[in-house]
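I opened this one to see how the chain is put together. My notes follow in the order I looked things up.

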Amino acid sequence: MPHEIDPSFLALPLRPLADAALARARALGAQHADFRLERVRSASWRLRDARPAGSSDATDLGYAVRVVHNGTWGFASGVELTMDAAARVASQAVAMAKLSAKIIAAAGSDERVELAEEPVHSERTWVSSYDIDPFEVPDGEKSGLLADWSERLLGAEGVAHVDASLLTVHENKFYADSAGTVTTQQRVRLHPQVTAVAVDEDSGFDSLRTLAPPAGRGWEYLTGAGGWDWDAELAQMPSLLAEKMRAPSVEPGAYDLVVDPSNLWLTIHESIGHATELDRALGYEAAYAGTSFATPDLLGTLKYGSDIMNVTGDRTAEHGLATIGYDDEGVAAQSWDLVRDGVLVGYQTDRRIARLMDLGRSNGCAYADSPAHVPVQRMANVSLQPAPDGPSTQELIAGVERGIYVVGDRSWSIDMQRYNFQFTGQRAYAIRNGRLAGQIRDFAYQGITPEFWGSMEAVGGPQTYVLGGAFNCGKAQPGQVASVSHGCPSALFRNVNILNTAEEAGAA
C-alpha cells in the first residue's frame, strides 16, 4: 500500500514559513527565490562479532532560502520555525547575493546567473516506493537481526570475525519557489552490510562482504520480501571466504573480463557518472575529485564505448537511491540518455548549467544533503542498459577461453579527468575454456575510460540486471554526501590489462 507524507511533518508551519521568506525576498528585489524545509532522520547500528559496537539516531531539521538577486546567487539557512525568522533568513540570502556580486565584479567577471525554465508544479506530493518504514521497527529487532546474521557466520569454520551494520534514512522535504511550485516529498533508504573475516597463520587474513546493495526500500528488504535472499548469501559466505584464502595469486597480463553487476556499478559511477556531470565537464567542479575528459565540445561525437553501450541518467527508477519526485530546484524527475550506441549524447544538469549551455530544460540533478547546504548539481541514477534478449552471466563466461570473472566491489582509483582507472573486487575467478576454474587473488583491472568501454563486446540480458549503488558519493566544498544507484547487467570486455596487486605493492 502506498505511503502518505508523515503527518508530523505536515504539521510543521511549512507554507507560512515559505510565504514569509519568499515575500521578503521578492520585496528586496530577488528575481528568483526558493525555500526548502527538510527533516532528515538518520540512524545506524553496528555490531562486532555479534556484540553492539555503536549506534546513532539523529534528526536534522531546518530550512534554507536561496535567491538570484541581480544575476548573483545568495543563500542562507536557519532553524527557528517562525515567520519572522524565515523572513530574516531571506534577508540574509539577499545580503549574501549583494556581497557576492561585489566579489565577482572585483574579480573581473560579468557572468550572470540565469535559470532554465521549468513548468510550475503546484501542490505536488511524492513518496518513494517501500512497504515498511525502518523507523517503525523496534531498535531491538534491528540489532537482533544483525546479531543473528553475525552468529550464523561466526559459527562457521574459518570465520574469525564478523562486522555487521545497518544505516537507515527517512527524509522529508518541502519546497516552494517564487514561480509558484510547491512540492512535498518523503523517501526512505537503507544500507545493510555484513563482512566476514578469516585469519590464517600462513596466508594472512582476508574478508568477504555481502553483495546486497543499498536500496531505496524499507525494512522488507532485510526480511527477504524485498528481492534479496539474505539466507542464501550468508550460507555461501564461509565456503567462498575459505576458497578465497586458498586461492593463488593472479598472473598479470591481458585477459578477457566478465564483470558482474556487483562490481560494474562502481566502474560506471566513477568513469561515467562523474564524467557526465556537466558542471564537472565545464570545470565549475574541479577541487573535489577533478574535472572530466568528456568536455562539451565532444557532445555528439565522442565515442565513449562500443556500439552496444547505452547509458541513461534516471531520477525515476523504482528503489533508486537518487530517485525523487522533484529535485531541489523544483524540477520534475526525468530519465534521459547519456550515452547512446556508444556515443556521448547527454549530461546531468541543474537549472543554472542547463541555461548557461542553452540545453533547454534541466534534467533535475540539483540536490543538497541537508537544510544547511546549498543545492549543487548531483548525480542521477546512472545505469548501463541490458540487451533485451541478451545472454545470461553463464553464457557470457562460456564465450571466454582465458579470462577472469569479477564479483563484488572493493578498492578503486581514477585520475582527475575520469580517464585512467584501476579497480579490484571482492572475488575473482579464473575462466578457462568457458568454465570457472576457481578463485584467484591479488587482482586489479586497469583501463582508460573510452578504451575500456570500447572493448565491451556483450552485455547481459535483463535477467542479469542489478541496481547497485552507494550512500557516500562526495562532492562540493564544503563537502556534501549523496546516495546514488547504478543499474547494470553483467558484461564481457575483451583484452583488459590485469595487475597483480601484491607484486605492485612489493615493488613500491
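**Strand pairing.** Before reading off partners I fixed the term: two strands pair if DSSP finds at least two bridges between them. This is a predicted model, so I kept that in mind throughout. I started at Phe423, which stands opposite Tyr445 in S18. The strands here are S16 (residues 420–432) and S18 (residues 443–448); they run antiparallel, and 4 bridges join them. Then I asked which strand S18 is also joined to. I found S22 (residues 491–500), again antiparallel and again with 4 bridges. In that pairing Gln446 stands opposite Asn497. I jotted down a general reminder as well: side chains in a regular strand alternate between the two faces of the sheet.

**Whole chain.** Next I stepped back and counted 11 helices and 22 strands in the protein chain. How does the radius of gyration compare with the globule rule? I get 24 Å, close to the 23 Å that the rule gives for 508 residues, so the chain is as compact as a globular protein of that length. The C-alpha trace spans about 70 × 55 × 45 Å along its principal axes. I noted that 56% of the 508 residues count as buried. The exposed area of the chain is about 20600 Å², with 51% of it supplied by carbon and sulfur atoms. I also looked at contacts between residues at least 6 apart in sequence, and 75% of them join residues at least 24 apart.

**Cysteines.** How many disulfides does the structure hold? I found 0. Why does Cys365 not form one? Its sulfur is 12 Å from the closest cysteine sulfur, the one in Cys473, and that is too far for a bond, because a disulfide needs the two sulfur atoms within 2.5 Å. I checked from the other end too: for Cys473 the closest cysteine sulfur is in Cys365, at 12 Å, too far for a bond. Are these residues buried or exposed? Cys365 is buried, at 0% relative accessibility. Cys473 is buried as well, with a relative accessible area of 5%.

**Helix H3.** I then checked the length of H3 (residues 83–106). Its 24 residues should span 34 Å at 1.5 Å a residue, and I read 35 Å between the end C-alpha atoms, which agrees. I listed the buried residues of H3, among them Ala85, Val89, Ala93, Val94 and Ser100. What do the buried residues of H3 pack against? They pack against helix H2 (14–27), strand S2 (51–69) and strand S3 (72–78). After H3 comes Gly108, and I noted its positive phi, near 85 degrees.

**Two single residues.** S2 came up again with Arg51, which is found in that strand. Arg51 is exposed, at 64% relative accessible area. I looked up its separation from Ala147: they are 96 residues apart in sequence, yet 7.0 Å apart in space, C-alpha to C-alpha.

My last stop was Thr195, found in strand S6 (residues 182–200). Is Thr195 buried or exposed? I have it as buried, at 16% relative accessibility, because the cut-off for buried is under 20%. Leaving out residues up to four places away in sequence, I see Thr195 touching His161, Val162, Asp163, Ser207, Leu208 and Arg209.

Methods: Residues are numbered from 1 along each chain as its sequence is written. This is a predicted model: local features need pLDDT of at least 70, side-chain atom pairs count only at pLDDT 80 or more; totals for chains, interfaces and linings use all residues. Side-chain values use heavy atoms; hydrogens and water are left out. Buried means under 20% relative accessible area, exposed over 50%, partly exposed in between (1.4 Å probe, protein chains only). Helices (H or I, at least four residues) and strands (E, at least two) are DSSP runs, numbered from the N terminus. The radius of gyration is taken over C-alpha atoms; the globule rule is 2.2 Å times the number of residues to the power 0.38. Contact means heavy atoms within 4.5 Å. Accessible areas come from the Shrake-Rupley method with a 1.4 Å probe; for residues, only the protein chains shown count as cover. The expected span of a helix is 1.5 Å times one less than its number of residues.
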